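Let's walk through this structure together, from its overall make-up to a few individual residues. Keep the sequence and the model side by side as you read.

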Amino acid sequence: MHLAYPAVLAVLLFCTGLYGVLARRNAILVLMSVELMLNAVNLNLVAFDVWLRDTLHAGQSLTLFTIAIAAAEIGIGLAIVLLVYRNRGSSDIDRLRDLSETAVETDAADGDTQQPQPDTKAEATA
């Protein structure tokens with residue numbers, strides 16, 4: 001087996017994932033792009049394992065470890081995105097400068113507090 005074919009495919013997958021991380025604004029699409037990048041790494045690990053004819057199959061073992069780490073990463077990342085969407089009303093990454101809550105505005109004349117309204121316009125720009 002030629003090493004060039006899986007290596008070129010892995011480079012294409014990684015570049016597609018890198019473009020998705022840098023260009024997308026939606027947090028879900030960024031997480032999907034990170035998964036593409038991890039799959040490109042997995043493809044390289046398995047291809048080099050087969051090409052080097054490793055008797056211990058270290059590349060395949062590292063691939064299983066990477067898959068387990070990616071599953072944990074996507075679970076935690078999705079939980080964070082859902083929590084941010086529930087609190088802010090948008091999963092737009094450009095609007096998430098910080099994760100702190102906005103301050104409660106008080107009206108000095110009336111003495112009552114007004115809760116700030118979350119952004120109701122949820123954009124899923126791709």
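Helices here are DSSP runs of H or I with at least four residues, strands are runs of E with at least two, and both are numbered from the N terminus. With that in hand, a small detail can be placed right away: helix H3 is followed by Gly89, whose phi is positive, near 85°.

## Overall make-up

What you are looking at is a predicted model. Its secondary structure comes to 3 helices and 2 strands, and from the N terminus on the order is α-α-α-β-β.

Of the 126 residues in the protein, 21% are buried. The exposed surface is about 9200 Å², and carbon and sulfur atoms supply 65% of that area. Among contacts with a separation of 6 or more, 57% join residues 24 or more positions apart.

## Helix H1

Helix H1 covers residues 4-23. With 20 residues, H1 reaches 28 Å from its first C-alpha to its last, close to the 28 Å expected at 1.5 Å a residue. Which residues of H1 are buried? They are Pro6, Ala10, Gly17 and Gly20. These four cover an arc of only 90° around the axis, which puts them on the same side of H1.

The buried residues of H1 pack against helix H2, residues 27-52. On the face of H1 turned away from that buried side, you will find the exposed residues Leu12, Tyr19 and Leu22.

## Helix H2 and a look at Ser33

Helix H2 has 26 residues, which should span 38 Å at 1.5 Å a residue; the end C-alpha atoms of H2 are 38 Å apart, so the two values agree. The buried residues of H2 are Ala27, Val30, Leu31, Ser33, Glu35, Met37, Ala40, Asn42, Ala47 and Asp49. What covers them includes H1 and H3.

Ser33 is a good residue to zoom in on in helix H2. Is Ser33 buried or exposed? Its relative accessible area is 8%, and because buried means under 20%, Ser33 counts as buried. Leaving aside neighbours within four places in sequence, Ser33 is in contact with Gly17, Gly20 and Val21. Gly17 and Gly20 are themselves among the buried residues of H1.

## Helix H3

Helix H3 runs over residues 58-88. Its 31 residues should span 45 Å at 1.5 Å a residue, and its end C-alpha atoms are 44 Å apart, which agrees. Buried in H3 are Gly59, Thr63, Thr66, Ala70, Gly77, Val81 and Val84, and what covers these residues includes H2.

Ile67 is also found in helix H3. With a relative accessible area of 45%, Ile67 is partly exposed. Its C-alpha atom is separated by 8.1 Å from that of Leu38, and the two residues are 29 residues apart along the chain.

## A salt bridge between loops

How many salt bridges does a search of the whole structure find? The search finds 1. In it, the side chains of Asp94 and Arg25 meet at 2.9 Å, N to O. The pair links distant parts of the chain, 69 residues apart: Asp94 sits in the loop between H3 and strand E1 (105-106), and Arg25 in the loop between H1 and H2. Side chains of opposite charge can pair when their charged atoms come close.

Both partners can be placed by their accessibility as well. Asp94 counts as partly exposed at 43% relative accessibility, and Arg25 is partly exposed with a relative accessible area of 42%.

## A nonpolar patch on the surface

Finally, turn to the surface. Phe14, Leu18, Leu22 and Val41 make a nonpolar patch of about 350 Å². Which helix gives the most to the nonpolar patch? Helix H1 does, with 3 residues.

Phe14, one of the patch residues, lies in helix H1 and counts as partly exposed at 33% relative accessibility. Leu22, another patch member, is one of the exposed residues on the face of H1 turned away from its buried side.

Methods:
Residues numbered from 1 in each chain as written. Predicted model: local features only at pLDDT ≥ 70, side-chain atom pairs only at ≥ 80, totals over all residues. Heavy atoms only, no water. Patch = residues over 30% accessible without salt bridge, like charges linked within 9 Å, V, L, I, M, F, W, Y side chains within 5 Å. Areas by Shrake-Rupley, 256 points an atom, 1.4 Å probe, with all protein chains shown as cover. Salt bridge = Lys/Arg side-chain N within 4 Å of Asp/Glu carboxyl O. Buried < 20%, exposed > 50% of the residue type's maximum accessible area, 1.4 Å probe, protein only. Contact = heavy atoms within 4.5 Å. Expected span 1.5 Å × (residues − 1). Arc of directions from axis to C-beta.
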